[in-house]
Amino acid sequence: PHTTASGTVTESPLVLTDVVCDDGSVGHSIVFTYTPAALKPVADLVSGFGEWLKGDAAAPYEVDQKLARRLRLLGPQGLTGIAVAAIDMALWDAAARRQKISLTQLLGGTARSIDTYGAVGYDGVDVSARTTEDWAKRGFQGVKAKIGYPSVAEDVAVIRAMRAAGGPEMAIMVDYNQCLTPTEAVQRMRVLDDEGLTWVEEPTLAHDYAGHALIAREAATPIQAGENWWGPLDMQHALDANASDYVMPDVMKIGGVSGWMHAAALAHAANKKASSHLWPEISAQLLAVTPTAHWLEYADWWNAIVADPLVVTDGQASFDGVIGSGIEWSGKAVERYAA
């Protein structure tokens, strides 16, 4: 179970998508529906949208625009957005596989190492310290913890325990998972500003851009946001409001690879450092072509169903030699976990 101040995720409901092209190339993608109740609806949407695309060119940007037009009234958020991203990511994967190159190469970049941080749960002082120590032993130079305990003193106790366990050079990020009001966040930031944090993530509701802007103005520590923005337009609204110091698109919620490339351009124009949320295999490749790339978030939640999970050595993600987006199914595991 993955515990946060806003609730606990006990399962990983995933929709696996294959896009099959007439030339025999196949592209793959994974999307995460957060709750099992959304699993079948998202799978049905992917299948339904796929019917609209039969016979079309396997051109991701063209498909993205076609789906945007068809879904203008329904909207690009939520389950609709997840389904569109599933198709988009699979199409880009197929395009790269067709040329036997990586997604990064297809997008005009080259493979390079990406700074990567590990995850610490909402687990209290002792477990947070042990988990930080484990990441440090594996060579990771950054960790991110879930906080939002009943008092800021408890937040500080966890942060200091992590600092002691990881050492003075360890980059420590924290995530409130939207659990505070803007006023509460400003009050806590006055204390956390003394802790040398790399960033404080989503202290208040993700789409309260004015609230985030208030916190960012009042805090000395950088504010991070973006994993819950639905598409580049949400990101543009956040940038217009100066809602955060850094940005963290989620490749699924931002609109797949097509949406990410728009987001990367926005971040570049705004001179905002960009990190990733989840999806380490494809996110590492996208960060490699993001001009303001910052940190890759590493999570091994879905390694069991991926044939060749992302390799991280001494805190650096490496994908040299990978074909496509790095997603290929581990067949027996997929059969075992199929819903």
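Which residue just after α3 takes a positive phi? In this predicted model, the residue is Lys100, with a phi of about 60°. The helix that precedes Lys100 is a good place to begin. Helix α3 covers residues 78-99, and at 1.5 Å a residue its 22 residues should span 32 Å; the end C-alpha atoms do lie 32 Å apart, so expectation and model agree. Of these 22 residues, 18 are buried, and α3 is therefore largely enclosed by the rest of the structure.

Helix α10 can be read in the same manner. Its 15 residues, 256-270, should span 21 Å at 1.5 Å a residue, and the distance of 21 Å between its end C-alpha atoms agrees with that. Buried residues of α10 include Gly256, Trp260, Met261 and Ala267. The partners against which the buried residues of α10 pack are α2 (60-70), α3, α4 (103-106), α9 (231-240), β10 (246-247) and α11. Just after α10 comes Asn271, with a positive phi of about 55°.

Positive phi values also turn up in loops. Gln178, in the loop between β7 (171-175) and α7 (182-192), has a phi near 70°, a positive value in a residue other than glycine. Its relative accessibility of 26% makes Gln178 partly exposed. Asp314 has a positive phi near 50°, again in a residue other than glycine, and is placed in the loop between β12 (311-313) and β13 (316-318). With 51% relative accessibility, Asp314 counts as exposed, because the threshold for that class is over 50%.

Helix α11 and the loop after it offer two buried residues to look at in turn. Ser283 belongs to α11 and is buried, with a relative accessible area of 0%. Beyond the residues up to four places away in sequence, Ser283 touches Val251, Ser276, His277, Leu278 and Leu296. Thr292 sits in the loop that runs from α11 (280-287) to β11 (296-297). A relative accessible area of 11% places Thr292 among the buried residues, since that class lies under 20%. With neighbours within four places in sequence set aside, the contacts of Thr292 are Ala267, His268, Lys272, Lys273 and Ala274. Ala267 is itself one of the buried residues of α10.

Aromatic side chains come next. A pair of aromatic rings is described by the distance of the centres and the angle of the planes. The model contains 14 aromatic pairs. One of them joins Tyr117 and Trp295 in an edge-to-face arrangement, with 6.2 Å between the centres and 65° between the planes. This pair links distant parts of the chain, as Tyr117 belongs to strand β5 (residues 114-120) and Trp295 to the loop between α11 and β11, 178 residues apart. Tyr117 and Trp295 are both buried. Trp301 and Trp302 also form an edge-to-face pair, with centres 5.9 Å apart and planes at 80°. Trp301 is partly exposed at a relative accessible area of 34%, whereas Trp302 is buried at 10%. These two tryptophans belong to one aromatic cluster with Phe32, Tyr34 and Trp279. Elsewhere, the charged end of Arg70 sits over the ring of Trp52, 4.0 Å from the ring centre.

Which residues lie closest to the centre of the largest pocket? This pocket holds about 870 Å³ of space, and of its 34 lining residues the closest to the centre are Glu11, Ser12, Leu14, Trp301 and Trp302. The edge-to-face tryptophan pair is thus met again in the pocket lining. At least two lining residues come from each of β1 (2-4), β3 (14-20), α1 (39-53), β5, α5 (124-137) and α12 (331-337).

The structure also holds one cavity of 30 Å³ or more. The largest cavity has a volume of about 140 Å³ and a lining of 14 residues; nearest its centre are Ile30, Trp279, Glu281, Ile282 and Ile327. Strand β4 (26-32) and helix α11 are the elements that give two or more residues to this lining. Trp279 appears both beside the cavity centre and in the aromatic cluster.

Note on methods
Residues numbered from 1 in each chain as written. Heavy atoms only, no water. Helix = DSSP H or I, 4+ residues; strand = E, 2+ residues; numbered from the N terminus. Expected span 1.5 Å × (residues − 1). Buried < 20%, exposed > 50% of the residue type's maximum accessible area, 1.4 Å probe, protein only. Contact = heavy atoms within 4.5 Å. Phe/Tyr/Trp six-rings, centres within 6.5 Å; stacked < 30°, edge-to-face > 60°. Lys NZ or Arg CZ within 6 Å of the ring centre and 35° of its normal. 1 Å grid on protein atoms, 1.4 Å probe; cavity = no way out; pocket = protein on both sides within 12 Å on 5 of 7 lines; lining within 4 Å. Points joined across faces, edges and corners; volume = space filled by probe spheres on them.
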